[in-house]
Amino acid sequence: MMTTDELYLVRSLFKQEIYTRHGQSYEDFFVNIMRAYNSNFESVRPQGRYGDRKNDGFDRRTGTYYQVYAPENPLSREKETIDKLCEDFAGLYNYWNSLYPVKEFFFVINDKYNGVYATVQEQYAAIENAYPGVKCASFLAHHLEDIFLKFPLSECIKWIHLLPNIDVNDFKISILDDVIKHLLKEKTLISSVGFPENPDFDRKIEFNRLGKVYGSLLTTASLHEGTLENYFRVNSAFAKEDLQAKFVMLYREGKEKFADMSDGSDQTFLHILNEAMPVQHHGVQDAVLVLMSYFFSYCDIFEEPLAPKQLGLFSA
């Protein structure tokens with residue numbers, strides 16, 4: 001299993017491959033990883049005027065099919081994406097379903113971590129309605145990354161051109177840096193919005209005895225959780241899990257360090273905030289507060305309010 005530093009490094013280099021590959025280059029990248037991941041995965045070699053019958057790879061045992069679409073600028077090709085999806089699925093189904101029944105169809109898009117438009121999702125539903133029993137969905141860059149990061153470092157090196165003697169400790173790469181850059185780029189200033197009404201969130205603040213100022217910071221930052229969720233939606237599970245582990249670790253450190261203080265919750269809040277900020281900057285602080293708010297709302301940091309249990313008539 002790779003260390004966290006190694007994961008940071010290979011993930012960063014993997015993303016470079018995603019950003020720079022398109023067309024046949026991305027298809028080859030996808031096929032090679034899928035072959036290594038699933039011994040039952042079969043790629044289809046194009047045959048003259050017949051091509052590959054709209055099937056870039058499949059698992060005949062499960063009836064799972066993959067067709068790759070990797071334009072250089074995917075965000076500017078919404079209509080082309082939908083047209084190709086419809087044409088490719090129809091061509092694939094017409095030929096392959098009589099050989100190995102189609103049960104799942106994945107449209108492999110190199111979205112370059114931008115996601116796909118809702119209109120593409122609508123087309124999947126239309127296909128599923130027209131072909132009962134067939135499941136249809138996107139297979140995006142973060143799905144391939146999830147598979148890629150399961151391999152040992154020695155296997156990853158084959159695909160990301162990592163020099164064997166490279167020292168991972170020389171790299172200053174972290175998921176936290178990536179997320180902060182994303183939040184700084186996408187979100188509006190926290191100070192420009194009002195306070196939302198969220199009784200559950202307020203109850204957690206009260207239960208954890210957070211001071212009014214810190215509670216207000218978390219409440220206001222929670223308005224921007226949608227921007228953070230957008231990041232998680234198009235990135236690998238590793239990104240979210242790594243951040244969750246970091247904030248849980250900081251919370252436990254603070255909780256233990258300030259356990260005997262009357263304002264221990266506030267001190268723990270400040271401990272997490274200060275330790276998570278890579279640089280002292282107002283915008284970075286706002287971004288870290290959004291992360292704290294997100295993990296606070298899921299009770300990964302601080303404690304979940306316990307609902308009082310009603311005693312029975314004969315309880316002691």
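Here a student and a tutor talk through helix packing and one ring pair in a predicted model.

Student: How confident is the predictor in the chain, on average?
Tutor: The average pLDDT is 86. At least 70 is the score for 89% of the residues. Residues 189-193 fall below 50. That stretch still has 10 contacts in the model beyond near neighbours in sequence.

Student: Why are α1 and α2 called oblique?
Tutor: Helix α1 covers residues 4-20 and helix α2 covers residues 24-37. Their axes cross at roughly 140°. Angles over 145 count as roughly antiparallel, and 65 to 115 as roughly perpendicular. The angle of roughly 140° fits neither range, so α1 and α2 are oblique to each other. Their axes come within 9 Å, and the crossing is left-handed.

Student: Which residues meet there?
Tutor: From α1 come Phe 14, Glu 17 and Ile 18. From α2 come Tyr 26, Phe 29 and Ile 33. By class, this contact has 5 nonpolar, no polar and 1 charged residues. Glu counts as charged.

Student: What makes Phe 30 and Tyr 66 a tilted pair?
Tutor: Start with distance. The ring centres are 5.7 Å apart, and the limit for a pair is within 6.5 Å. Now the planes. They stand at 55°. Stacked needs under 30 degrees and edge-to-face needs over 60. The value of 55° meets neither, so the pair is tilted. The count of aromatic pairs comes to 32.

Student: What does this pair tie together?
Tutor: Phe 30 lies in helix α2, and Tyr 66 lies in strand β3, residues 64-69. The pair therefore ties together parts that are 36 residues apart in sequence.

Student: How do you know that α11 is oblique to α12?
Tutor: Helix α11 (residues 237-257) and helix α12 (residues 264-276) pack at about 135°. That angle is not over 145 and lies outside 65 to 115, so α11 is oblique to α12. The axes are 8 Å apart. This crossing is right-handed.

Student: What classes of residue make up that contact?
Tutor: The contact has 5 nonpolar, 3 polar and 3 charged residues. Among them, Phe 247 and Glu 253 are in α11, while His 271 and Ile 272 are in α12.

Notes. Residues are numbered from 1 along each chain as its sequence is written. This is a predicted model: local features need pLDDT of at least 70, side-chain atom pairs count only at pLDDT 80 or more; totals for chains, interfaces and linings use all residues. Side-chain values use heavy atoms; hydrogens and water are left out. pLDDT is the predictor's confidence in each residue, from 0 to 100. Contact means heavy atoms within 4.5 Å. Axes are lines fitted to C-alpha atoms, for helices over the stretch in contact, and angles run from 0 to 180 degrees between N-to-C directions. Helices (H or I, at least four residues) and strands (E, at least two) are DSSP runs, numbered from the N terminus. Angles under 35 degrees count as roughly parallel, over 145 as roughly antiparallel, 65 to 115 as roughly perpendicular and the rest as oblique. A crossing is left-handed if the near helix is turned anticlockwise from the far one by less than a right angle, and right-handed if clockwise. Rings of Phe, Tyr and Trp (its six-membered ring) pair if their centres lie within 6.5 Å; planes under 30 degrees apart count as stacked, over 60 as edge-to-face and the rest as tilted.
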